[in-house]
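Colleague: I'm new to this one, and I'd rather learn one spot well than skim the whole thing. Could you pick a single part, look at it closely, and then work outwards from there?

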Amino acid sequence: MEKKDCPRNHSHTRNFYYITMLRDPVSRYLSEWKHVQRGATWKTSLHMCDGRSPTPDELPTCYPGDDWSGVSLREFMDCTYNLANNRQVRMLADLSLVGCYNLTFMNESERNAILLQSAKSNLKNMAFFGLTEFQRKTQFLFERTFNLKFISPFTQFNITRASNVEINEGARRRIEELNFLDVQLYEYAKDLFQQRYHRTKQLERQRDRQRRRGERRLQRDHRGHRWPKQEGNPEGAVTEDYNSQVVRW
């Protein structure tokens, strides 16, 4: 990025931050299925890991033709090589820890545990991440993290292609089983996201209280300068004229 973005003779270096958005695993999976069903592919993706792409034996394809247009949900779920399964964990984890796409590198349970822990660690170390299901809170955290303001508020769209898909409870459970790592990651992400949100809110309230105290202090000082104490009549002293009026009343 430095080579592409900054001039060669520019001594200033930039800070780059990794950020990401996570989504409910079932909704994300259904959304990808509908996307693939319409003809989308990731043929140009190299899936580079440790300096090389996976072999066809390490990463077989789920369909023989140019794309997987018209694929049914059952067909989509039945492909054991489908990269839609646990995509969020795989995209966040360091695959070199488990031999990249070589499934014979270690046993499956050990591989899954390492991938999940790596994804959690990388997510926690990111300067920012958001959740699709919490658009306003995501905007709040982004703006406070990077000291930027969007020109309009984020909109929470609850009607999506995934939400329009009607599936029975059995299909939902099957999707959760296929994405069991993503389900665990998402639960962790929701908890971490809420912690960051409430912590940022708390700090903002503290700063607001300090600002208001400072403003009140300035107002008091300003009033003190505008109404200086008169000689021979200390502040709070009652004048003789006033005392005589009190007696008369």
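**Starting from one side chain**

Modeller: Let's begin with Phe140: if we skip the residues within four places of it in sequence, Phe140 is in contact (heavy atoms within 4.5 Å) with Tyr197, Thr200, Lys201 and Glu204. Before we go on, keep in mind that this is a predicted model, where local features need pLDDT of at least 70 and side-chain atom pairs count only at pLDDT 80 or more, while totals for chains, interfaces and linings use all residues. Residues are numbered from 1 along each chain as its sequence is written, and side-chain values use heavy atoms, with hydrogens and water left out.

Phe140 belongs to helix H6; helices (H or I, at least four residues) and strands (E, at least two) are DSSP runs, numbered from the N terminus. With a relative accessible area of 8%, Phe140 is buried, since buried means under 20%, exposed over 50% and partly exposed in between, using a 1.4 Å probe and protein chains only. Phe154 sits 14 residues from Phe140 along the chain, and their C-alpha atoms are 9.5 Å apart.

Thr138 is in helix H6 too. Thr138 counts as buried because its relative accessibility is 2%. Beyond the residues up to four places away, Thr138 touches Met21, Phe128, Gly130, Leu131, Phe154 and Phe193.

Gly130 leads us to Thr20, in strand E1 (residues 19-22). Thr20 and Gly130 are 110 residues apart in sequence, yet just 6.5 Å separates their C-alpha atoms. Thr20 also contacts Leu92, Leu123, Met126, Phe128 and Phe129, among residues outside the four places on either side. That kind of long reach shows up in the totals: of the contacts between residues at least 6 apart in sequence, 68% join residues at least 24 apart.

So what sits around these residues? In soluble globular proteins, nonpolar side chains tend to be buried together. Here the largest nonpolar core (buried Ala, Val, Leu, Ile, Met, Phe, Trp, Tyr and Cys joined through side-chain atoms within 4.5 Å) has 30 residues, and Leu22, Val89, Leu92, Leu123, Phe129, Leu131 and Leu185 have the most contacts inside it. Two or more residues each come from helix H4 (87-92), helix H5 (108-125), strand E2 (128-131), helix H6 (135-146) and helix H8 (180-226). H8 gives the most to this core, with 7 residues. Apart from this core lies another, of 17 residues, including Val26, Tyr29, Tyr63 and Ile175. Back in the larger group, Val89 touches Leu115, Leu116, Ala119, Leu181, Asp182 and Leu185, again not counting residues up to four places away.

Let's step back for a moment. The chain has 9 helices and 2 strands, running α-β-α-α-α-α-β-α-α-α-α from the N terminus. Of its 249 residues, 31% count as buried.

Now for the empty spaces. A pocket, on a 1 Å grid over the protein atoms alone, is an open set of points where a 1.4 Å probe fits, with protein on both sides within 12 Å along at least five of seven lines; lining residues have an atom within 4 Å of a point. The largest pocket holds about 660 Å³, with volume taken as the space filled by probe spheres set on points joined across faces, edges and corners. This pocket is lined by 26 residues, and Thr80, Asn86, Leu103, Arg111 and Asn112 lie nearest its centre. Helix H3 (73-78), H4, H5, helix H7 (169-178) and H8 each give two or more residues to that lining, and H5 supplies the largest share, 4 residues.

The second largest pocket has a volume of about 480 Å³. Of its 24 lining residues, Trp42, His47, Thr61, Tyr63 and Leu83 are the closest to its centre. His47 lies in the loop between helix H2 (25-37) and H3, and counts as partly exposed because its relative accessibility is 23%. His47 also has a positive phi of about 50°, although it is not a glycine. Asn147, in the loop between H6 and H7, has a positive phi as well, near 55°. Asn147 counts as exposed, at 70% relative accessibility.
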